[in-house]
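Work through the following exercises with the sequence and the model at hand, and try each task before reading its solution.

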Amino acid sequence: MEDRTTSGVEVLPPAPRDEPGSPIEGVVFARLAPYVDHRGSLTEVVNFDHPFWVDDVVYAYRFTIEPGRIKGWGMHKLQADRYFLVSGSVRTVLYDGRAESPSFGSFEKHHMTGAASGLLLIPPGVWHASQNWGEDEAAIVNFPTRPYDRDEPDKYRIDPHSGEIPFDWSLRDG
């Protein structure tokens, strides 16, 4: 029989406890708090006093994701990606593909919206894909740690529906 008590309180129906996630080594997520008043809001994106910006800003680009679509799986061997969600609702899923990493094979999920944005640093060797779970186009600005090299792109791709990275893209309530 399952234990229905927590600190002496009976809880019904019985349910399994959420398991703590194991973070992927090198991933940094910083939730951003906008400054809001009656006129609107201001969100600080680049503040070089924050440890998120330890590497110089050398390149930046904006990309969009249509509602219901997934961009990824993508991975870089030389650069880290640094995402800032500008608008929309996005779930970014990370998979550690680095064989020598203590978090090899681990997943990490980050949900961001225009109202609850953040900065997400994705290290080299970590596969990533972003899914727009909202009703409007989503926009992300990336500040990679290396400029894009058109002659030798540092970009590797896997179809998110191929099953090579075992992730279920359906979104469930609860």
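**Exercise 1. Identify the nonpolar surface patch that includes V57, and classify V57 by its accessibility.**

Solution. Begin with the criterion: a patch is made of residues with over 30% relative accessible area and no salt bridge, where nonpolar side chains (Val, Leu, Ile, Met, Phe, Trp, Tyr) are joined within 5 Å and like charges within 9 Å. In this predicted model, local features need pLDDT of at least 70 and side-chain atom pairs count only at pLDDT 80 or more, whereas totals for chains, interfaces and linings use all residues. Residues are numbered from 1 along each chain as its sequence is written, and side-chain values use heavy atoms, with hydrogens and water left out. The patch consists of V46, F48 and V57, which together have about 250 Å² of accessible area (Shrake-Rupley method, 1.4 Å probe, with only the protein chains shown counting as cover for residues). Next, locate V57, which lies in the loop between strand 5 (40–42) and strand 6; strands are DSSP runs of E with at least two residues, numbered from the N terminus. Finally, V57 counts as partly exposed because its relative accessibility is 35%, given that buried means under 20%, exposed over 50%, and partly exposed in between.

**Exercise 2. Determine the strand order of the open sheet that has strand 6 at an edge, and describe how strand 6 is paired.**

Solution. Two strands pair if DSSP finds at least two bridges between them. On that basis the sheet has five strands in the order 3-11-8-13-6, with antiparallel pairing. Its edges are strand 3 (28–31) and strand 6 (61–65), each of which pairs on one side only. From one strand to the next the twist averages 25°, an angle taken on a scale from 0 to 180 degrees between the N-to-C directions of axes fitted to C-alpha atoms. Strand 6 is joined to strand 13 (residues 138–142) by five bridges, the two running antiparallel, and F63 stands opposite I140 of strand 13.

**Exercise 3. Carry out the same kind of analysis for the open sheet that contains strand 10.**

Solution. This sheet of five strands has the order 10-9-12-7-14, again with antiparallel pairing. Strand 10 (107–113) and strand 14 (156–157) are the edge strands, each pairing on one side only. Strand 9 (residues 89–96) runs antiparallel to strand 10 and is joined to it by seven bridges; S89 has T113 in strand 10 as its bridge partner.

**Exercise 4. List the salt bridges and state how accessible each participating residue is.**

Solution. Side chains of opposite charge can pair when their charged atoms come close. Here the requirement is a side-chain nitrogen of Lys or Arg within 4 Å of a carboxyl oxygen of Asp or Glu, and the count comes to three.

- R39 pairs with D37, the closest N and O atoms being 2.5 Å apart; R39 is exposed at 68% relative accessible area, while D37 is partly exposed at 34%.
- D96 meets R98 at 2.8 Å, N to O; D96 is buried, with a relative accessible area of 0%, whereas R98 is partly exposed at 21%.
- D168 pairs with R172, with 2.2 Å between the closest N and O atoms; D168 is partly exposed at 39%, and R172 is exposed at 58%.

**Exercise 5. Summarise the protein chain as a whole.**

Solution. The chain has zero helices (H or I runs of at least four residues) and 14 strands. Of its 174 residues, 37% count as buried.

Note on methods. Buried < 20%, exposed > 50% of the residue type's maximum accessible area, 1.4 Å probe, protein only.
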